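Biologist: Please take a close look at a single part of this model, the disulfide and the strands that carry its two cysteines. I would like one connected account rather than a list.

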Amino acid sequence: QVQLVESGGGLVQTGGSLRLSCAASGRASSTVTMGWFRQAPGKEREFVAAITWVVGSTFHADSVKGRFTISRDNAKNAVYLQMNSLKPEDTAVYYCAAGSGVAGRFRPGYWGQGTQVTVSS
């Protein structure tokens, strides 16, 4: 069983930065890739970024490319999402996920509880 715990969310002004962290425990052999998703009120959950544990290959959604960066620390079993130049439309609950597939075709199987990010205008 994989457990994921997110942290680092909060309230920030437009143009500000936040860094989300995800601590993974009970890592399974099938969870070769980690990722971030987000869900805004009234909208479907959408993919943000993914990274593979071994090689560190990354893939970012077009909506965040150039502003967000996913990274990982294998020694700590942790994944991060550095978010810069934040916009009000980035406001959402951000979820960490673990699963399979390459970064560009991430298939999540486990989810964290989510952390709220609010960007004020």
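Modeller: The torsion about the S-S bond of Cys-22 and Cys-96 is about -80 degrees, so the disulfide is left-handed. The sulfur atoms of Cys-22 and Cys-96 lie 2.0 Å apart, where a disulfide is taken to be a pair of cysteine sulfur atoms within 2.5 Å, and by this rule the count comes to one disulfide. The pair links distant parts of the chain, with Cys-22 in strand E3 (residues 18–25) and Cys-96 in strand E9, 74 residues apart; strands here (E, at least two residues) are DSSP runs, numbered from the N terminus. This is a predicted model, in which local features need pLDDT of at least 70 and side-chain atom pairs count only at pLDDT 80 or more, while totals for chains, interfaces and linings use all residues. Residues are numbered from 1 along each chain as its sequence is written, and side-chain values use heavy atoms, with hydrogens and water left out.

Both Cys-22 and Cys-96 are buried, that is, under 20% relative accessible area with a 1.4 Å probe and protein chains only. On the side of Cys-96, seven of the nine residues of strand E9 (residues 92–100) are buried, so E9 is largely enclosed by the rest of the structure.

The pairing of E9 involves several strands, two strands being paired if DSSP finds at least two bridges between them. Strand E4 (residues 33–39) runs antiparallel to E9 and is joined to it by seven bridges, with Gln-39 having Val-93 as its bridge partner in E9. E9 also pairs in the antiparallel sense with strand E11 (residues 115–120) over three bridges, and here Tyr-94 has Thr-115 as its partner in E11. Four further bridges join E9 to strand E10 (residues 107–111), again antiparallel, and Ala-97 is matched with Trp-111 in E10. E9 and E10 form a hairpin with six residues between them, and Gly-101 in the turn has a positive phi of about 95 degrees.

On the side of Cys-22, strand E3 belongs to an open sheet of four strands in the order E1-E3-E8-E7, with antiparallel pairing. The edge strands of this sheet are E1 (3–7) and E7 (68–73), each of which pairs on one side only. Within the sheet, E3 is joined to strand E8 (residues 78–83) by six bridges in the antiparallel sense, and the bridge partner of Cys-22 in E8 is Val-79.

Terms used. Buried means under 20% relative accessible area, exposed over 50%, partly exposed in between (1.4 Å probe, protein chains only).
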